[in-house]
Amino acid sequence: MPCIWALDFWYAGILICDGQLGAKALFQAYIILVNTGKVIADAGTMTNDLAKGTDAVRSVFAVLDRNSLIEPEDLDGEKPEIITGHIEIHDVDFAYPSRPDIMIFRGFSIDIEVGKSTALVGQSGSGKSTIIGLIERFYDPMKGVVKVDGRDIRLYHLRTLRKYIALVNQEPALFAGTIRENIIYGASREVNESEVIEVAKAANAHDFIAVLKDGYATQCSDRGVQLSGGQKHRVAIARAILKNPTILLLDEATSALDSQSEKVVQDALERMMVGRTSVVVAHRLSTIQSCNTIAVLEKGKVVEKGNHSSLLAKGLSGAYYSLVSLQEPNSP
């Protein structure tokens, strides 16, 4: 830049000496050229960012303008006052929209009893988490039907149906806000402080919250980064308990925790599962031995079903026995 300025003044000096240019015109031209040149140069360096920004904005508007195939506010949907929690998945074919050529289920069926806990186990890719997605109606099956209380879930008003369902994931969803705000998030009624403390105690969360400097007013930050894995899970469980769901879905809720945190979280989950229709997806088989029913999945099919003792009794020929042997060689 100094070299350009020097060139400007050198050439301007020549023009002034020849009488072709006055001092006023010199500074007018100089200021205009220098300022506009700098702006043009700066704008030139941002062309890549502008192109990326344009693509980003276009993708955002594409999402906003997209019409969902599953309408959460269907005015014709049924809004039951009571749901008991009987779940039936009957003769379902399903493939994810992003991978339509890979079938997850073909003619899949399973019956999940009211008020009982059902564990889904099997190798990765066998369809365990897909069952959770179908019950929540994140997706609709290509063929077949998913029923809750004997009624196709597509006939329900979706937001009303989900009021009776609580989901605790492997990576729980916490939001930027206080612990209290995260616990009461999604509550359909006014919640007082004593209720928040009560559900936190039930989730084994009150003790760690109480020792924090700001207690329940502690900020979780985006995605709950201020809390450890076990703490995030206990806050998510407290939120689920406050919802008092009829159907509880646990998708590998303790698989990412260390052994100490897992025990505390597992104790809270087992207390919460009592008397509810619970569907538990688990890799660690030690966490689901107390479930009423264990269903073993292989390649989108239920190959075995029973409780822990009855499945182990099948011995070496049993799929569940093989899974337990892999994780706990000395257990059988």
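**Exercise 1. An aromatic pair**

Is Y139 buried, partly exposed or exposed?

Solution. Start with the ground rules. This is a predicted model, where local features need pLDDT of at least 70, side-chain atom pairs count only at pLDDT 80 or more, and totals for chains, interfaces and linings use all residues. Residues are numbered from 1 along each chain as its sequence is written, and side-chain values use heavy atoms, with hydrogens and water left out.

Step 1. Take the cut-offs: buried is under 20% relative accessible area, exposed is over 50%, and partly exposed lies in between (1.4 Å probe, protein chains only).

Step 2. Apply them. Y139 has a relative accessible area of 31%, so Y139 is partly exposed. Y96 has 17%, so Y96 is buried.

Step 3. Now look at the rings. Rings of Phe, Tyr and Trp (its six-membered ring) pair if their centres lie within 6.5 Å; planes under 30 degrees apart are stacked, over 60 edge-to-face, and the rest tilted. By this rule there are 5 aromatic pairs. In one of them, the ring centres of Y96 and Y139 are 5.1 Å apart and the planes stand at 85°, so this pair is edge-to-face.

Step 4. Place the two residues. Y96 sits in the loop between β1 and β2 (105-112), and Y139 in the loop between α4 (128-135) and β4 (143-148), so the pair ties together parts 43 residues apart in sequence. Helices (H or I, at least four residues) and strands (E, at least two) are DSSP runs, numbered from the N terminus.

Step 5. Add the third member. F94, Y96 and Y139 make one aromatic cluster.

**Exercise 2. The overall form**

Describe the whole protein by its elements and its dimensions.

Solution. Step 1. The secondary structure comes to 12 helices and 10 strands.

Step 2. Check the radius of gyration. It is taken over C-alpha atoms, and the globule rule is 2.2 Å times the number of residues to the power 0.38. A compact globule of 332 residues would come near 20 Å, but the protein has 30 Å.

Step 3. Read the spans. Along its principal axes, the C-alpha trace covers about 110 × 50 × 50 Å.

Step 4. Count the cover. Buried residues are 41% of the 332 residues.

**Exercise 3. The N-terminal helices**

Which residues form the nonpolar patch on the surface?

Solution. Step 1. Know the rule. Patches use residues with over 30% relative accessible area and no salt bridge; like charges are joined within 9 Å, and nonpolar side chains (Val, Leu, Ile, Met, Phe, Trp, Tyr) within 5 Å.

Step 2. Name the members. They are M1, I4, W5, F9, F27 and I31, with about 590 Å² of accessible area together. Two elements give two or more residues each: α1 (2-17) and α2 (23-45). The largest share, 3 residues, comes from α1.

Step 3. Check one member. I31 lies in helix α2. Its relative accessible area is 44%, so I31 is partly exposed.

Step 4. Test α1 itself. The expected span of a helix is 1.5 Å times one less than its number of residues. With 16 residues, α1 reaches 22 Å from first C-alpha to last, close to the 22 Å expected.

Step 5. Follow α2 further. K38 lies in this helix. K38 and M1 are 37 residues apart in sequence, and their C-alpha atoms are 9.4 Å apart. A41 is also in α2. The C-alpha atoms of A41 and F61 are separated by 30 Å, with their positions 20 residues apart along the chain.

**Exercise 4. Salt bridges**

How many salt bridges does a search of the whole structure find?

Solution. Step 1. Set the limit: a side-chain nitrogen of Lys or Arg within 4 Å of a carboxyl oxygen of Asp or Glu. The search finds 9.

Step 2. Take E171 and K232. Their closest N and O atoms are 2.9 Å apart. This pair links distant parts of the chain: E171 is in the loop between β6 (165-168) and α6 (179-184), K232 in helix α9 (residues 229-243), 61 residues apart. E171 is exposed at 52%, whereas K232 is buried at 11%.

Step 3. Take R180 and E193. Their closest N and O atoms are 2.8 Å apart. R180 belongs to helix α6 and E193 to helix α7 (residues 193-202), 13 residues apart.

Terms used:
Areas by Shrake-Rupley, 256 points an atom, 1.4 Å probe, with all protein chains shown as cover.
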